[in-house]
Amino acid sequence: MDTVRIFDTTLRDGEQSPGATLTQAEKIEIARHLESMGVDIIEAGFPISSDGDFESVRAIAGVVTKSTVCGLARSTAKDIDRAGEAVKHAKKPRIHVFCATSKIHREHKLRKGKEEIIRISVESIRQARGYTADVEFSPEDASRTELEFLEEIVHAAIEAGATTINLPDTVGYATPQSYGEMFAHIVRKLPVIADKGVVLSSHCHNDLGLAVANSLSAIQNGARQVECTINGIGERAGNAALEEIVMALRTRKDFYAIDTRIDATRIFPASRMVSMLTGLAVQRNKAIVGQNAFAHESGIHQDGMLKYRETYEIMDPVSVGIPATSLVLGKHSGRAALKARIVELGYHLTDEQIEGAFTRFKSLADKKKEVFDEDIEAIVDDQLETGVGLWTLVGLQVTAGSTAIPTAVVTLKDSNGEQIQDASVGDGPVDAIYSAIARLTGVRGNLTDYRVQSVTRGKEAQGEVHIELDHSGSKVRGRGLSTDILEASALAYLAAINRLRSLEHRQRTVTQHTGV
Ligand code: KIV
Ligand code: ZN
């Protein structure tokens, strides 16, 4: 059967979701999981955008061997060099060059004419070919570009050496029919695509909720690469969701007669991993990976399911990696069993991190009779986060009640191992904790989101607190986990502050690199 390549951009376009910033360790973890699922190309980042992004792309290029590792670059010499440097040690390196082509972008963003846009694109593609033979070109906002100009620039890009041509629906404006027709038109007008074996690619944003439908239409009209993200995260309303495209093609092979190389049983763990690490919750009714995706509520449906599963279920949840039962370990389980389960869930931890996870697991298993996969994932994700910590929580004492003034005494350890303690009052116990932490760390952010959810079942379920903090315009998320919700709140706040500090430390802006 014919196949379409999966180009995953969770770590680049996905990370552009507001507040979804990932640390290098988290990006490597996700990249490894994507590779293990059979993703063909991983867009690991936009190397010129920050030193942190450059280092992450370089680190991923060093560990991923089966998937192609791609770095994004604008059509400028500095961008291409930075992307080339970042991917050069990858087993299969790719540079993805883009330049806006629509009238609105030409006139208002680039303030350049068509000829100049062709010239800088061609020069950039040639320069990128100096680093790798695998070069992708995207005429940004292709779906709003005049077809004649699109033909012209795509032709020039191929002649300059681009081996993949991506036609993005940058603002999610296309409809399935118009997007499909654009691909059909380009294929018809440019026989060079078939002659040179150039791969056409789709890249759809979800502003009208049409990203997946548009991607499928592109495939029907000749695209053999599809760009997408886990859980559909991305700029604004997000990108096309990888899991939906893969499962639409697989479930409706009878119709599309085309498949991907994705191991679908890795989809659900990937979804949980991305949601945990980015802090972006998956909506309950999200197709394929949402909590309700396979839940049957009505009596008629339940009756049908019991008689014959396929009456109401078009996919088997196990086929997308949803475990039939999630009860795995208990208080008598040893290190080896925990490590084996962590690996099955798709994580690669160092011995030191396994040790940390095991200590947390043991203390949790003492409090909880049943330890579920979700508990283990949460512990593991905590281990990944603590790797970047500058401050750690040592102790927390809170006084609250209907007649008491909420007061918190917080003890932290800083990166030099010194213990510091302070107390504060607040409007409520969480406010008192956050105010004490702000006094201790000197970082006072504006809390823009605070959510509590229980990770698993039972009265000793672990509570997970997600927060978003705005600090001088930088938005960061933090997650904390504990059977005590106040402790989880403190841990979430500290995680956000630690993340903010480590990002500030690593990042320099585009301006410093490009001088523009
Ligand atoms: O949406 C878009 O146009 C992009 C390009 C960089 C491909 O993300
Ligand atoms: Zn995009």
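Reader: Is Thr-411 buried or exposed, and at what relative accessibility?

Author: Residues under 20% relative accessible area are called buried and those over 50% exposed. In this predicted model, Thr-411 has a relative accessibility of 12% and therefore counts as buried. Thr-411 belongs to strand 14, which covers residues 407-413.

Reader: Which residues is Thr-411 in contact with, leaving aside its neighbours within four places in sequence?

Author: Thr-411 is in contact with Thr-392, Leu-393, Val-394 and Gly-395 on the one hand, and with Gln-419, Ile-420 and Gln-421 on the other.

Reader: Let me turn to the metal. Which residues are the protein donors of the zinc ion (ligand 2)?

Author: A general point about geometry comes first: four tetrahedral donors would ideally make angles of 109.5 degrees at a metal, whereas six octahedral ones would make angles of 90 or 180 degrees. Here the protein donors of the zinc ion are Asp-13, through OD, and His-203 and His-205, each through NE2, at 2.0 to 2.1 Å from the ion. Water is not among the atoms, so sites may look incomplete.

Reader: How are the donor residues of the zinc ion spaced in sequence?

Author: Their spacing is D-x189-H-x1-H. Asp-13 lies in the loop between strand 2 (5-8) and helix 1 (24-37), while His-203 lies in strand 8 (residues 199-204), so this pair ties together parts that are 190 residues apart in sequence. Asp-13 and His-203 are both buried.

Reader: Which residues are around ligand 1?

Author: The residues around ligand 1 include the zinc donors Asp-13, His-203 and His-205, and also Arg-12, His-96, Phe-98, Ser-138, Glu-140, Asn-166, Pro-168 and Thr-170. By class, this shell has two nonpolar, six polar and three charged residues.

Reader: Which side chains have a polar atom at a stated distance from an oxygen atom of ligand 1?

Author: A polar side-chain atom of Arg-12 lies 2.9 Å from an oxygen atom of the ligand, the corresponding distance for His-205 is 3.0 Å, and for Asp-13 it is 3.2 Å. On its own, ligand 1 has 260 Å² of accessible area, of which the protein covers 94%. Strand 5 (93-100), strand 6 (135-140) and strand 7 (164-169) are the elements that give two or more residues to the shell.

Reader: Now the backbone. What is phi in Arg-111, and what is it in Asp-141?

Author: Most residues other than glycine have a negative phi. Arg-111, although not a glycine, has a positive phi of about 50°, and Asp-141 has a positive value near 65°. Arg-111 is in the loop between helix 4 (103-110) and helix 5 (114-129), and at 68% relative accessibility it counts as exposed. Asp-141 is in the loop between strand 6 and helix 6 (147-160), and its relative accessible area of 0% makes it buried.

Reader: How should I read a separation along the chain beside one in space, and what separates the C-alpha atoms of Val-198 and Gly-161?

Author: The two values can be set side by side for a given pair. Val-198 and Gly-161 are 37 residues apart along the chain, and their C-alpha atoms are separated by 9.8 Å. For Gly-62 and Gly-14, which are 48 residues apart along the chain, the C-alpha separation is 21 Å. Val-198, in the loop between helix 8 (192-196) and strand 8, is buried with a relative accessible area of 11%, and among the residues it touches are Ile-158, Ala-162 and Ile-193. Gly-62, in helix 2 (residues 51-63), counts as exposed at 56% relative accessibility.

Technical notes
Residues are numbered from 1 along each chain as its sequence is written. Chains are lettered from A and ligands numbered from 1 in the order in which they are written. This is a predicted model: local features need pLDDT of at least 70, side-chain atom pairs count only at pLDDT 80 or more; totals for chains, interfaces and linings use all residues. Side-chain values use heavy atoms; hydrogens and water are left out. Donors are N, O and S atoms within 2.8 Å of the metal (3.2 Å for Na, K and Ca); water is not among the atoms, so sites may look incomplete. Helices (H or I, at least four residues) and strands (E, at least two) are DSSP runs, numbered from the N terminus. Buried means under 20% relative accessible area, exposed over 50%, partly exposed in between (1.4 Å probe, protein chains only). A residue is near a molecule or strand if one of its heavy atoms lies within 4 Å of it. A polar contact is a pair of N or O atoms within 3.5 Å; within protein, one must be able to donate a hydrogen and the other to accept it, and residues adjacent in sequence count only if both atoms are side-chain atoms. Accessible areas come from the Shrake-Rupley method with a 1.4 Å probe; for residues, only the protein chains shown count as cover. Ala, Val, Leu, Ile, Met, Phe, Trp, Tyr, Cys and Pro count as nonpolar, Asp, Glu, Lys and Arg as charged, and the others, Gly among them, as polar. Contact means heavy atoms within 4.5 Å.
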